[in-house]
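Dear colleague,

Please find the structure below, handed over for your own inspection. My findings follow it.

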Amino acid sequence: ARTAAERGRMEGEGEALGLLLGLADDLLTGTPARRPGLAGLRAGLDQVEAVLATRAAAPTPTPVPVRGAVVSTAATTPLPVTPGSAGPGTDARPGATRGAFVGRAHELAELAAALARAHRRGTVALVVGPSGSGKTRLARELLARQPAATQVLAARCFPLDRVRFNAVDAIVDALADGALGALPALAQAAAATLSRLFPALTEPLGVSAREQAEVGHAVEPFELRARGFQALRELLTALARRAPLVLSIDDVHWADADSVALLQALLEPAQRAPLLLLATAWPEALAEAGALAPLAGVLTPDDLRLELGGLGPDDTATLVAALAGERDPARAARVFASSGGNPFLVAELSRGAEPDLDAALARRIEPCGALGWALAEIVAVAGAPLPVDVGAASRSDLLAEPDFGAGSRSDPLGDAEVGT
């Protein structure tokens, strides 16, 4: 399990790298309307630099218990006007626009219906959309509107995670810390197996070191994992009998292979716990060759896959007015035309003197200098996550070019690694 400081560092890196990958995804999409243009790419790189600088300077947020999960104060601070579907929203990511929820009434109603079904039979709600479409904000808005008795266990995946079962690591830690009270009793063998898979649960489940060691010696690793998955299902089922239970996993497209296998086992229709799995993801992750393809295979007709597009013209106008402090129909129309209703882009364009996407991106990337521009082009052309070593090698190649030689231009990114 990660410490609070490690989570803070991972969150900063995840925010920065997630922005880079989101820009690459949107720029190279096959749907022209989704492409933000060169200006949007420039803006993103500036945000990346700002996020990394902010994270380096700011202290780690103090963890506080919120509705059954332990999250940081950065994610729970009350916020004023936000895009109803916007990735900005209460999201602590860079460029987040804080405030009221705008639009998405139909989507909220569908999610609320899925949550109502979940207490009778386990249900999956996948909120799917491109970067900036407001997946995280929509999920948080749903949870914020639930009764206080609703049990919520929240987690978020990061692109640089090296923790096994990263999609549920924070959930397991919250259970171990007593976020939902004392854990239900499990059979001795099930408790020992589960503690072997997730050592943080050893003490809360009352498992002795001898019991844990015995189960490790008696069972083959593959069988141990299968039994551990079953034991976790039993634990979650018992918790769900107390009160409605939601597992909320943000950016599940970054889940590791162990997490995907675990979620696939938990979501087998015949054995599901009566809970709601609420997850946000990029659409390509659920494609046939995507990282989450195994999850798509266990979805049922009662499960919900909610596709988020841009805000409509009216909601865009409402958001622009909220951000600008006044209604300007002509400006709102220009913002909508440039952004396609993508809430993140709407927020970005609402800040400038003129809602010009190219100009907004240029303002963001310009401080990164020539190297920043060149790296942005590399990330955009890649069209997919770049391993850190590839990004670092590209940076080295650029610095070897005459235009980037010593004494010609500064390297604004220093030793930063770009492209994962």
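What separates arginine 210 and glutamate 214 in helix H8 (residues 209-218)? These two residues are 4 residues apart in H8, which means that about one helical turn lies between them. Their side chains meet in a salt bridge, with 2.9 Å from N to O. Arginine 210 is exposed, because its relative accessible area is 52%. Glutamate 214, at 43% relative accessibility, counts as partly exposed.

Before going further, I should state that this is a predicted model. The protein has 420 residues, of which 54% are buried. Its secondary structure comprises 17 helices and 7 strands. Of the contacts with a separation of 6 or more, 72% are accounted for by residues 24 or more positions apart.

Salt bridges

The count of salt bridges comes to 11. In general, side chains of opposite charge can pair when their charged atoms come close. Besides the pair in H8, two further cases deserve description.

In one of them, the side chains of aspartate 303 and arginine 272 meet at 2.8 Å, N to O. Aspartate 303 belongs to the loop between helix H11 (293-296) and strand E7 (304-307), while arginine 272 belongs to the loop between helix H10 (257-266) and strand E6 (276-281); the pair therefore ties together parts that are 31 residues apart in sequence. Are the two partners buried or exposed? Aspartate 303 is buried, since its relative accessibility of 12% falls under 20%. Arginine 272 is likewise counted as buried, at 14% relative accessibility.

Salt bridges that share partners also join Arg137, Glu141 and Arg145 into one network. Within this network, the side chains of glutamate 141 and arginine 145 meet in a salt bridge of 3.0 Å, N to O. Glutamate 141 counts as buried, with a relative accessibility of 14%. Arginine 145, by contrast, is exposed, with a relative accessible area of 51%.

Packing of H4 and H5

Glutamate 141 also appears in the contact between two helices. Two packed helices are described by the angle between their axes and the distance between the axes. Helix H4 (residues 105-118) packs with helix H5 (residues 135-144) at an angle of about 55°, and their axes are 10 Å apart. H4 is therefore oblique to H5. The crossing of the two helices is right-handed. On the H4 side the contact is made by Glu107, Leu108, Leu111 and Ala112, and on the H5 side by Leu138, Glu141 and Leu142. Sorted by class, these comprise 5 nonpolar residues, no polar residues and 2 charged residues.

The loop after H8

Valine 219 lies in the loop between H8 and helix H9 (221-242). What is its relative accessible area, and is valine 219 buried or exposed? The value is 10%, so valine 219 is buried. When its neighbours within four places in sequence are left aside, valine 219 is in contact with Leu224 and Arg227. Valine 219 and threonine 193 are 26 residues apart in sequence, and their C-alpha atoms are 9.3 Å apart in space.

With kind regards

Notes
Residues numbered from 1 in each chain as written. Predicted model: local features only at pLDDT ≥ 70, side-chain atom pairs only at ≥ 80, totals over all residues. Heavy atoms only, no water. Axes fitted to C-alpha atoms, helices over the stretch in contact; angles between N-to-C directions. Parallel < 35°, antiparallel > 145°, perpendicular 65-115°, else oblique. Left-handed = near helix turned anticlockwise from the far one by under 90°. Contact = heavy atoms within 4.5 Å. Nonpolar A, V, L, I, M, F, W, Y, C, P; charged D, E, K, R; others polar. Salt bridge = Lys/Arg side-chain N within 4 Å of Asp/Glu carboxyl O. Buried < 20%, exposed > 50% of the residue type's maximum accessible area, 1.4 Å probe, protein only.
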